[in-house]
Each structure stands twice: as structure tokens, then as C-alpha cells.
Amino acid sequence: MTEAERVPVPGSVRAELTGAEVVGPVEATTTVSATVVLRRRNELDEALVTGPETITPQQLADRHGASDEDLRTVREVLRAAGLTITDVHRGSRRVLVSGPAPAMSAAFGTELTMVRSADPLGGTIAHRARSGELRVPAALAGIVVAVLGLDQRPQARALFRMHRKPAAAQSFTPDQLGPLYAFPAGTDGSGQTLAIIELGGGFKPADLSTYFAGLKITAPQVTAVGVDGGKNAPTGDPNSADGEVMLDIEVAGALAPGATQLVYFAPNSDQGFLDAVATAVHATPTPTAVSISWGQSEDQWTAQARTAMDQLFADAAALGVTICAASGDSGSTDDQTDGKQHVDFPASSPHVLACGGTNLRATPPTTIVAETVWNNPNGGATGGGISDVFGVPAFQISAGAPARAGGGTGRGVPDVAGNADPATGYQVLVDGQSAVIGGTSAVAPLWAALICRLAQAAKRRLGLVHTQLYQGVQPGRPQPGFHDITSGNNGAYQAGPGWDPCTGLGTPNGTALLQVLTGTKNR
């Protein structure tokens, strides 16, 4: 096939992986797998995304999934290229394909190399890599949104911070945050499903039993689900991704013990991340909330991966699913070294509830003494800022977000916040060891648990809850249902009255939020 018979996949350009050690070419006998994401049959109606009306997974597949014609074309072209279709999901518009490395390279117009690079979870990891853009047969022009998985470089980092000093200034058991943030009385998440995305590590059921028994809380039902070969694989090291996994499960379980937890384990790649979220969102029953405590600066993603993920999050909103994602633990630079400000993705998606972090001083059960922006010189800072790739969403237009550094407006991050400073962190049990952990990683499951309890009380899933949380928002004015955080900064941005790029609208008053969501409070 000549280059004239090929077309580029928009947004597929991959930069060379800096600092990677080239091991050699991928062996010809190696079987390579990828996820091909197709266009929607029909675009989603914005009113369907913003809610409150929702559709069923079957309706989503029939109206907005991949068309039969597109699926037929993709099957024919890829099979003719010597590849095998291993699975098709019409609703999430995914075609999973595999084949020998040379056939995969030829089909997608790229060269695959084995490299060894830094693993964000520690040490180094050997994996496939590519650079440049992908090119597909012309018959697929306009049909293919993304091709993920050819490059296996680690896509995300776990956004948790272990407290390193002998003792935290003040730490909390996760269930203590419920009364402090006034989670609605008489709710525990019963009848709701809470999905958690993990890209490494694992949990030990015995640890969960011990932990929740110590809190005198009935342990939630927790089930591990493997995606793309991922599995529940605890390492035994609390400093590994096990710390992330246990933090997520224990925070969510302590605050919404009645919710059923499904923990999705996938490889840490753009393919694994997308497939895990897609599997969770399209599961039966449809989840109420999805908690994501993994992310990376949005400029470290390919545009095709961001687009495919953002479209998936919009699908989730149409299904009534609320996606809660950590906004990052490295302040307004998001740990990038170019001297510029960055926000973390997936938190920067306008279809995701971005969760920022605070330092919380409180006297349980119900007294908040002081709450400021989390910014600890020795322990990280909340992510937040203005997206360079996503425009300002309708619900946020009147919030008063500052302009991008390069001019123009963009999606402001975060939307909401919660306790995150490791110095005022969460008491958890990881691999048999007690620890205090913070980070915006803890805020995503906290908000996912709150969403489950609000949905239980409201008797409906909340989907893109932003449209109600931001209703009537004005610059400099505290928003009903929130504790307004007005002190502190995350580097380039300063907190102040109303929404700000440090803690968003603020931390929750769950009881007041329920009144907002059910229309029982006069605005």
C-alpha cells in the first residue's frame, strides 16, 4: 500500500520518549494488541449530556454508538491487513484488534521499538514505543478517532502522597470526613455502584476486613475486575500503587459503605486507561460514580487519546454517571519543568468533576476550625489552573475563571475540593501497615462516595452534576452547598471568594448540596 493510499489519524502524533533506552525492535513473533475507537453514529445532543434526563446503554449504542457500516468497514480493512478482531463494543465504539508486530506496524503506518523508560510507580519498565503520526488505509478516513496501545509507555501517575514524618499534624479516619462535610444523614450509598479505576497495584481482602472492623463499619462489597490483562496484584509494598488502591477503596468504603464497589485493574497505558473506564461506564448495572485517582499533565497525552477519553466521559454523563477525578498533587505546574502552568487530565475534561485539595484543621465530629488550599513545600500542592486544550464549558462561563497564560478562555480546574494535605491526611491500612496518606487521590473517592449518597437520597443518578453545582455562579460569590476556601495558593493561582483555580467552588456541605440538587432550597 502506497502512502497516497493512506490517511493520518488526527491527533495521533507521538513525541519520542525522552530519556528512554532503546532495547531494539519489537520481535516479529510478538503479538501486539490495540484498541481502535470509531466515530459516533450521531453526535450527542448537548442537552442529553448536561441532564438531568439520561438514556440507557442500549439507547446510547443504538443512537450514538458505532454504526454497522463503520464496523463492517473496519473489520474488512483490518482483516485484509492480516489482523484479528478480538472484540467489538458498539456502545463505546471500540474494536479490539491484535496481530503479529509487523502486520500491526504495516496496518497503522508506524515503527514499533522496545525501550526501557522510567516508571512513574518507581524503577524502570520495558515497553513498546513509537513516534510520529499513525496512518491508516484511506477506507478508514474519518471513521477512526483513535488507535491506542501500540505505544505502551506509562500514561498516568497515581496522585497520592504518603505522609513521611513520624506523625501528621492532624489526621482523620475517612468516616470522620462525612460529618465534617455534612454528608446527608440517613444515607450510606445503598443501591448504588461505585467504580474505581486502578492502573497498578492491588488490595488484600484480609486488609479490608481488618480495616473496616477497626472502624466498626460493615465492610463494603468489593470486587476486582480485570481489563486488558490487568488484575488485582498487590505488591506488598505500601509505597507502591497498593497505597493508591487501598486509599481509594477505604475512603470510598468508609464514606459510602452501602455502595457496591467494582475496582477495575488495567495496564498503565492510554489503551488500558480508556478500556478500563469504558468497561466501567458500560457495565451492568450502570455505576452511579467512577473514581479516578490517576492522571498526567494534559500535554503529555496524545490529542487522539484525550479526544477518545473526553467523548467517553460525555457518554458517561448521558448515562447518568458522574466521573470524579483527582486534579493533581504538584501545584499549578503539574510537575512539568518548562516554567509554564499546566492542568492534569482527565480532570481537565469538561465532562469530569475535577477534585482539588485542602489542608483541613477540624474538631470531629462536626467542627471545621480552618480550611485552606493544600500547598505544603515538603508535601505537594493541589493541582489547578486553566486548560490549554478544552474550552470553557457552558456551566463555568460566569464563574470568573482567569484567562489562559497565552490568552483566551479555557476550562477551569478544579470544580470542587476536599481534604488532601498529607499533613492532615487519611488513616488507612496498606499491606498490613497503618499509614497516613493524602493527595487529591483521596478527594476523588470522597466525592464519588458523596455522589452515591446524594443519588441515593435524590433517587436518581446525577450524571454531569456540574450543571447544578454551578447554577447561578458569579465571580467572587460563594456557591450554595459549599464551604468557600479563600486562603492559600497552589503556585501561580491564589484562592479567593467564589470559584478559583485552587479549590474550585470549595469543599462540600453535603446536606446543603442535597437541597440544591432536589430543589428544596431557595436559591
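Start at helices α6 and α7, whose crossing is right-handed (the near helix is turned clockwise from the far one by less than a right angle). This is a predicted model, in which local features need pLDDT of at least 70, side-chain atom pairs count only at pLDDT 80 or more, and totals for chains, interfaces and linings use all residues. Residues are numbered from 1 along each chain as its sequence is written, and side-chain values use heavy atoms, with hydrogens and water left out.

**Stop 1: the helix pair**

Select residues 205-215 for α6 and 241-255 for α7. Their axes come within 11 Å and cross at roughly 40°. Axes are lines fitted to C-alpha atoms, for helices over the stretch in contact, with angles from 0 to 180 degrees between N-to-C directions.

Now show side chains. From α6, pick Asp207, Leu208, Tyr211, Phe212 and Leu215; they meet Met246, Ile249, Glu250, Gly253 and Ala254 of α7 (contact: heavy atoms within 4.5 Å). This contact divides into seven nonpolar, one polar and two charged residues. Ala, Val, Leu, Ile, Met, Phe, Trp, Tyr, Cys and Pro count as nonpolar, Asp, Glu, Lys and Arg as charged, and the others, Gly among them, as polar.

**Stop 2: the whole chain**

Zoom out. The protein has 12 helices and 29 strands; these are DSSP runs, numbered from the N terminus (helices H or I, at least four residues; strands E, at least two). The C-alpha trace spans about 70 × 45 × 45 Å along its principal axes. The radius of gyration is 22 Å, which agrees with the value near 24 Å for a compact globule of 523 residues. That rule is 2.2 Å times the number of residues to the power 0.38, and the radius is taken over C-alpha atoms.

**Stop 3: backbone exceptions**

Most residues other than glycine have a negative phi, and most peptide bonds are trans. Select Thr284 and Pro285: the bond between them is cis, with omega near 0°. Pro285 sits in the loop between α8 (270-281) and β15 (289-292). Next, go to Val413 and Pro414, also joined by a cis peptide bond, with omega about 0°. Here the loop holding Pro414 runs between β24 (412-413) and β25 (416-419).

Then pick Arg93. It is not a glycine, yet its phi is positive, about 60°. Look for Arg93 in the loop between β4 (84-89) and β5 (94-100).

**Stop 4: enclosed space**

Keep Arg93 selected and add Val37, Ser92, Arg94, Leu274, Ala278, Ala308, Leu312 and Asp315: together they line the largest cavity. On a 1 Å grid over the protein atoms alone, a cavity is a set of points where a 1.4 Å probe fits but cannot get out; lining residues have an atom within 4 Å of a point. Its volume is about 50 Å³, counted as the space filled by probe spheres set on grid points joined across faces, edges and corners. Helix α9 gives the largest share of the lining, three residues. The lining divides into five nonpolar, one polar and three charged residues.

The structure holds two cavities of 30 Å³ or more. The second largest has about 40 Å³. Among its lining residues are Arg14, Arg130, Asp151, Asp270 and Gln304. Three nonpolar, three polar and four charged residues make up that lining.

**Stop 5: the largest pocket**

Finish at Leu17, Thr18, Arg153, Pro154 and Gln300, which lie nearest the centre of the largest pocket among its 22 lining residues. A pocket is an open set of points with protein on both sides within 12 Å along at least five of seven lines. This one holds about 640 Å³ of space. Its lining divides into eight nonpolar, eight polar and six charged residues.
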